[in-house]
Amino acid sequence: MIVGSGHVATLIREIDRYLASLQSAQGVTAVRQSLAPYLDQPAQARPVPENAVVAQHLGTALDALRPSHPALAQAIGAACGELEWISYRLYDPDQIGAAFIAGHAYAELIGPGAAVDAPELALGVFIIAPHILYRDHRHPAPELYAPLTGPHGWRFGVDQPLMVKPAHQPVWNQPMAPHMTKVGPVPFLCIYGWTADVEAPATVIPADDWPALEALRLEV
Ligand SMILES: [Fe+2]
């Protein structure tokens, strides 16, 4: 039986409203154009047993988001139990590392087989536990990250320096562009959007400084 979820549809509208507030950022227009046809489509609720990362960290992330973006925090919290929170399964576990596997979850709102089924767009909410390193990787899909919490560390190439970005400063990754995220003390909560090649897998890019980056602790 398909159960329509008003909370998920509301969250999609709230995300579009949020993205509109970032209008000048690279990639935002592309994602909003891709999701526009799905704004008023019914969404399927597909709850699964409680995800450990979500149970432990989503509340903290929403507490950080709520003062500046109460409607978005409310919409994520309301939809949370109707979403299928999962781990990304296409990495080699040895390459991406056990800490990342155990320390992240995402829920796809729009995408192939998602709450709103779409063939050429992937839009969802992504959470990573504090201090986790999401190792260098890349994928054919062009990608928007819109972080709702911060600060978090980023680098865009294994030979590039780590830079720290605050919440609400989006990142646009061109197809196959390398990127890495070092989560700060607050759980990393973000909206992600892939606007093409959504079923092509991501791959890890080896680097020899992951132990130091995994031990690193960013300050607030
Ligand atoms: Fe990515």
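**Entry 1: leucine 58**

I began at leucine 58, which touches Cys80 and Ile127 when residues up to four places away in sequence are not counted. I note at the outset that the model is predicted, and I read every value below as computed from it. Leucine 58 sits in helix H3, which covers residues 52-65. I then asked whether leucine 58 is buried or exposed. Leucine 58 has 20 other C-beta atoms within 10 Å and therefore counts as buried, the threshold being 20 or more. I also looked up the separation of leucine 58 from alanine 71, which lies 13 residues further apart along the chain, and I found their C-alpha atoms separated by 16 Å.

**Entry 2: the chain as a whole**

I next stepped back to the chain, in which I counted seven helices and twelve strands. The C-alpha trace spans about 45 × 35 × 35 Å along its principal axes. For 220 residues a compact globule would have a radius of gyration near 17 Å, and the 16 Å I found for the chain agrees with that. Of the 220 residues, 42% count as buried. Among contacts between residues at least 6 apart in sequence, 75% join residues at least 24 apart.

**Entry 3: the nonpolar core**

Which residues have the most contacts inside the largest nonpolar core? I found that this core has 63 residues, and that Ile12, Leu109 and Ile110 are the ones with the most contacts inside it. I followed isoleucine 110 outward and, leaving aside its neighbours within four places in sequence, I found it in contact with Ile12, Leu35, Tyr38, Val116, Ala118, Leu121 and Leu123.

**Entry 4: helices H2 and H4**

Leu35, one of those contacts of isoleucine 110, led me to helix H2 (residues 28-35), whose buried residues are Val28, Val31, Ser34 and Leu35. These cover an arc of only 130° around the axis, which puts them on the same side of H2. I recalled that an α-helix has 3.6 residues a turn, so residues three or four places apart point the same way. The buried residues of H2 pack against H1, strand S2 (104-111), S4, S6 and S11.

I made the corresponding check on helix H4 (residues 70-79), where Leu72, Ala73, Ala75, Ile76 and Ala79 are buried. Their arc around the axis is only 160°, which puts them on the same side of H4. What do the buried residues of H4 pack against? I found helix H1 (6-20), H3 and strand S4 (122-128) as their partners.

**Entry 5: the five-stranded sheet**

I then traced an open sheet of five strands in the order S8-S7-S10-S5-S12, with antiparallel pairing. S8 and S12 stand at the edges with a single partner strand each, so one side of each is left without a neighbour in the sheet.

Going through the pairings, I found S7 and S8 antiparallel over three bridges, with lysine 165 in S8 as the bridge partner of histidine 152. S7 also pairs with strand S10 (residues 179-182), again antiparallel and over three bridges, and here glycine 153 has lysine 182 in S10 as its bridge partner. Strand S5 (residues 133-138) is joined to S10 by three bridges in the antiparallel sense, and tyrosine 134 stands opposite threonine 181 in S10.

Which residues of S7 point to the face where the side chains are buried? I found His152 and Trp154 there, whereas Gly153 and Arg155 point to the other face and are not buried. In a regular strand the side chains alternate between the two faces of the sheet.

**Entry 6: backbone points in loops**

I closed with backbone geometry, where the peptide bond from glycine 150 to proline 151 is cis, with omega near 0°. Proline 151 is placed in the loop between strand S6 (143-147) and strand S7 (152-155).

I also looked up two residues with positive phi that are not glycine. Histidine 168 has phi near 70° and lies in the loop between strand S8 (163-165) and strand S9 (171-173); with 17 C-beta neighbours inside 10 Å it counts as partly exposed. Aspartate 197 has a phi of about 50° and is found in the loop between strand S11 (188-194) and strand S12 (203-204). Aspartate 197 is likewise partly exposed, with 15 other C-beta atoms within 10 Å.

Key
Residues are numbered from 1 along each chain as its sequence is written. This is a predicted model: local features need pLDDT of at least 70, side-chain atom pairs count only at pLDDT 80 or more; totals for chains, interfaces and linings use all residues. Helices (H or I, at least four residues) and strands (E, at least two) are DSSP runs, numbered from the N terminus. A residue is buried if 20 or more other C-beta atoms lie within 10 Å of its own, exposed if 12 or fewer, and partly exposed in between; C-beta atoms are placed from the backbone. Two residues are in contact if their C-beta atoms, placed from the backbone, lie within 7 Å. A nonpolar core is a set of buried Ala, Val, Leu, Ile, Met, Phe, Trp, Tyr and Cys residues joined through C-beta atoms within 7 Å. The radius of gyration is taken over C-alpha atoms; the globule rule is 2.2 Å times the number of residues to the power 0.38. The arc is that of the directions from the helix axis to the C-beta atoms. Two strands pair if DSSP finds at least two bridges between them.
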